[in-house]
Amino acid sequence: MVINGPNLNLLGTRKPEIYGQTTLAEIEQRLTALAKELSVELVCYQSNHEGELVTAIQKARGVYDYILLNAAAYTHTSVALRDAIEAAEVPTIEIHLSNIHARETFRHHSMIAPVCVGQIAGLGAKGYELALRYAVETV
Ligand code: DQA
């Protein structure tokens, strides 16, 4: 399952110099095509609401083998998302389009990193595809 958090629905027009010009719909299309090629099922979800993201992660328990998660700004603030990932017991890869470690200091800390398998940051939209390939190889 691919989960994208707040403001990622604005990709394409939101700060393209940082996040690139690819829209979320394009990212999801590419991932869906790659999933087909790799013979796995893929579901995509986006929400701007923390509680809805928590619910989506809770519901993934026992249903999906992997979560690819760009929690966006909630990465840096949300104990609730961290707890949801831990409770779901679904291996989760943290993804960021930008290199959060090279940006403002408030973006350097991830609340969710300790409960994720690993983190991909700074590789743009390609990061999602790399995460999917990794998930399929290691599941
Ligand atoms: C982001 C990085 C976050 O710091 C930011 O709040 C986002 C997007 C990224 O993909 O680079 O909304 O997760």
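The paragraphs below go through the overall fold, the last helix, two loops and the cysteines of this predicted model.

Residues are numbered from 1 along each chain as its sequence is written, and side-chain values use heavy atoms, with hydrogens and water left out. Because the model is predicted, local features need pLDDT of at least 70 and side-chain atom pairs count only at pLDDT 80 or more, while totals for chains, interfaces and linings use all residues.

The protein chain has 5 helices and 5 strands; helices (H or I, at least four residues) and strands (E, at least two) are DSSP runs, numbered from the N terminus. Read from the N terminus on, the order of elements is β-α-α-β-α-β-α-β-β-α. The radius of gyration of the protein chain, taken over C-alpha atoms, is 14 Å, close to the 14 Å that the globule rule gives for 139 residues, so the chain is as compact as a globular protein of that length. That rule is 2.2 Å times the number of residues to the power 0.38. Along the principal axes, the C-alpha atoms fill a box of roughly 35 × 30 × 25 Å.

Of the 139 residues, 43% count as buried. Buried means under 20% relative accessible area, exposed over 50%, and partly exposed in between (1.4 Å probe, protein chains only). The chain exposes about 7100 Å², and carbon and sulfur atoms supply 51% of this area; accessible areas come from the Shrake-Rupley method with a 1.4 Å probe, and for residues only the protein chains shown count as cover. Contact means heavy atoms within 4.5 Å. Among contacts between residues at least 6 apart in sequence, 74% join residues at least 24 apart.

Helix α5 covers residues 126-138. Its 13 residues reach 19 Å from the first C-alpha to the last, close to the 18 Å expected at 1.5 Å a residue, where the expected span is 1.5 Å times one less than the number of residues. The buried residues of α5 are G127, Y128, E129, A131, L132 and A135. An α-helix has 3.6 residues a turn, so residues three or four places apart point the same way. What do the buried residues of α5 pack against? Their partners are the strands β1 (2-4), β3 (67-70), β4 (92-96) and β5 (118-121), together with helix α2 (24-37).

One residue of α5, Y128, is also a contact of L8, which is found in the loop between β1 and α1 (16-19). L8 is buried, with a relative accessible area of 2%. Leaving aside neighbours within four places in sequence, L8 is in contact with R14, L24, Q46, N70, A72, L97 and Y128. R82 lies 74 residues from L8 in sequence, and their C-alpha atoms are 19 Å apart. N7 is in the loop between β1 and α1 as well. N7 is partly exposed at 34% relative accessible area, and has a positive phi of about 75° although it is not a glycine. Most residues other than glycine have a negative phi.

A second positive phi, near 50°, belongs to A72, in the loop between β3 and α4. A72 counts as buried at 11% relative accessibility. T75 is found in the loop between β3 and α4 (79-88) and is buried, with a relative accessible area of 0%. The side chain of T75 reaches the backbone oxygen of A72 at 2.6 Å. Not counting residues up to four places away in sequence, T75 touches E94, H96, H109, S110, M111 and I112. H76 lies in the loop between β3 and α4 too, and counts as buried at 15% relative accessibility. A polar atom of the H76 side chain lies 3.5 Å from the backbone oxygen of R107. With residues up to four places away set aside, H76 touches I100, F106, R107, H109 and M111. H109 and M111 are thus touched by T75 and by H76.

The structure holds 0 disulfides, a disulfide being a pair of cysteine sulfur atoms within 2.5 Å. C44 is in no disulfide, and the nearest cysteine sulfur, that of C116, is 17 Å away. Are these two cysteines buried or exposed, or partly exposed? C44 counts as partly exposed at 27% relative accessibility, whereas C116 counts as buried at 12%.

Note on methods: A polar contact is a pair of N or O atoms within 3.5 Å; within protein, one must be able to donate a hydrogen and the other to accept it, and residues adjacent in sequence count only if both atoms are side-chain atoms.
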